[in-house]
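Okay, thanks for making the time, everyone. I'll put a structure up and talk you through a few bits of it.

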Amino acid sequence: MGLGMLAASSLLAEETSSGSGSLAPRQPHHAARAKRVIHVFANGGPSQIDTFDPKPMLQKMQGKTLSKKLEKDRRLGGVAHGSPFKFKQHGQSGIEISELFPKLAQHADDLCVIRSMVTDVPNHEPALLMMNCGDIVRPRPAVGSWALYGLGTENQSLPGFVAMCPKGLPTAATANWRSAFLPGIYQGTYVDSQYNDPDLLVANIQNEYLLAKQQRQQIGLVQKLNALHLADRPGDHALESRIQSLELAFRMQDEASDAFDITREPAHILEAYGDGQQGRQLLIARRLVERGVRYVQVYHGAGQPWDSHANLDVGHRRLAAECDGPLAALLSDLKQRGMLEDTLVIWGGEMGRTPTVQLPLGPKPGRDHHDDGFTIWMAGGGVKSGHVHGVTDEVGLTTVEDRMHVHDLHATILHLLGFDHTKLTYRYSGRDMRLTDIHGHIVDGILA
């Protein structure tokens, strides 16, 4: 135990000093407004026109061509399609929210609704990679990996970046939470959140055959061998990450089971979140950030559930019903615990949907993909509350005011976490790489 752990401790100390793979907490460039992030990903692309960006003009133009110039456009060539859902103003801020989100609407004064989001390509895989990693093609680290690289984690017994997706993976799969050229210790840890049992959520953590002291001795020996192996391979970040992951897995035995066990919550909290999949995921997310996890991403489901090319009325009603109550519960819970002010909550998809109906027109209409003027919302963590940012035109074809690219969103998230996005860099392939590449501007208009 002694010699092995001395070798491992020496190794980890060297990694900390070199910055190659330390998870120790670090200070950002400036005072942070947000200490942690919960990103709720509505993968598939929810329709902004049916959720948070009402377009009454579409009702007047129902069934009509928006423009002769668009008739041959593969995505926008269909006829105008008004929302089947009613909107009304909520809270002192008067933010208009669809009837799909009656419980979340009670938190209108906590929301910062961004109606002018823009991405580069209206297809799922490139749009997911842009939203998560800042690039549509090239392997780049996820936002959570950059946050963990910059800030480290406050809890050395849990992963600093967790990605939850039930019953499988989203489009683009594990690329959504990869560390790419950053050391592997910064990649997201995937959890299949379909399960209720903590032993299934974080499987193979417990060792039923060895006592803790015996395990510690065993790991000490393995780490000593790893340190000798690494000594002949200096700078091997993959090996360094594997060594650190072994230590993390050992420490997780006690804390992970507790963090993922929502049955330890009082009855009124369980009732507020509900017994659905989304409720369980968001309650786990709160328990993780409460324990010092830096970045938690929660996907609605495997694949692209919000991808409503047809039967949007039924599909969006079902999907919104699954997350409306849990989202409201999350905001209430964080606020009650005094955590909302320094926890940044984000909800939205990788793109939006067209104001026209998907062609060919069927009996159960839906909408196609749209990349110019979709909506996300944020809450807490230093953003303006009860605020709407950006404007799309009267039918939702394009952004006309305060256009906000995904690069700008990333720059602003890093700013809230305490970083100058142009200075949070990692030397790779001969240049200083960053999340926003050569792009991105902090959007002061959404900052509290």
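So, let's begin with a pair of charged residues: Arg 115 and Asp 53 are both buried. Keep in mind that this is a predicted model, so everything I quote is computed from it. Those two side chains form a salt bridge, with the closest N and O atoms 4.0 Å apart. The pair also ties together distant parts of the chain, since Arg 115 is in strand S4 and Asp 53 is in the loop between S1 and helix H2, 62 residues apart.

Now stay with S4 for a moment. How many of the eight residues in that strand are buried? Eight of the eight, across residues 111–118, so the strand is largely enclosed by the rest of the structure.

And which strands does S4 pair with? One is S11, residues 372–379, which runs antiparallel to S4 and is joined to it by six bridges. If you want to find that on the screen, look for Val 118 opposite Asp 372. Then there's S12, residues 387–389, which pairs with S4 in the parallel sense over three bridges. There, Ile 114 stands opposite His 389. S15, residues 404–405, is parallel to S4 too, with two bridges, and Met 117 sits opposite Met 404.

Okay, over to helix H6, residues 212–231. With 20 residues at 1.5 Å each, H6 should span 28 Å, and its end C-alpha atoms are indeed 28 Å apart, so that agrees. Which residues of H6 are buried? They are Gln 215, Arg 216, Ile 219, Gly 220, Gln 223, Asn 226, Ala 227 and Leu 230. These cover an arc of only 140° around the axis, which puts them on the same side of H6. The spacing isn't a surprise: an α-helix has 3.6 residues a turn, so residues three or four places apart point the same way.

What about the other side of H6? There we get Leu 221, Leu 225 and Leu 228, and they're exposed. Those three leucines form a nonpolar patch on the surface, with about 310 Å² of accessible area together.

Back to salt bridges to finish. Searching the whole structure turns up 31 of them. Another one I'd like you to look at is Lys 35 with Asp 342, at 3.9 Å from N to O. That one reaches a long way along the chain: Lys 35 is in the loop between helix H1 and strand S1, while Asp 342 is in the loop between helix H10 and strand S8, 307 residues apart. The two ends differ in how covered they are: Lys 35 has 41% relative accessibility and counts as partly exposed, whereas Asp 342, at 15%, counts as buried.

Last one: Glu 290 and Arg 337 meet at 3.0 Å, N to O. Glu 290 is in helix H9, and Arg 337 is in the loop between H10 and S8, 47 residues apart. Glu 290 is partly exposed at 33%, and Arg 337 is partly exposed as well, at 31%. This pair belongs to one network, where salt bridges that share partners join Asp 258, Asp 261, Arg 264, Glu 265, Arg 286, Arg 287, Glu 290, Arg 291, Asp 333 and Arg 337.

That's what I wanted to show. Happy to rotate the view if anyone wants another look.

Notes
Residues numbered from 1 in each chain as written. Predicted model: local features only at pLDDT ≥ 70, side-chain atom pairs only at ≥ 80, totals over all residues. Heavy atoms only, no water. Patch = residues over 30% accessible without salt bridge, like charges linked within 9 Å, V, L, I, M, F, W, Y side chains within 5 Å. Areas by Shrake-Rupley, 256 points an atom, 1.4 Å probe, with all protein chains shown as cover. Helix = DSSP H or I, 4+ residues; strand = E, 2+ residues; numbered from the N terminus. Buried < 20%, exposed > 50% of the residue type's maximum accessible area, 1.4 Å probe, protein only. Pairing = 2+ DSSP bridges. Expected span 1.5 Å × (residues − 1). Arc of directions from axis to C-beta.
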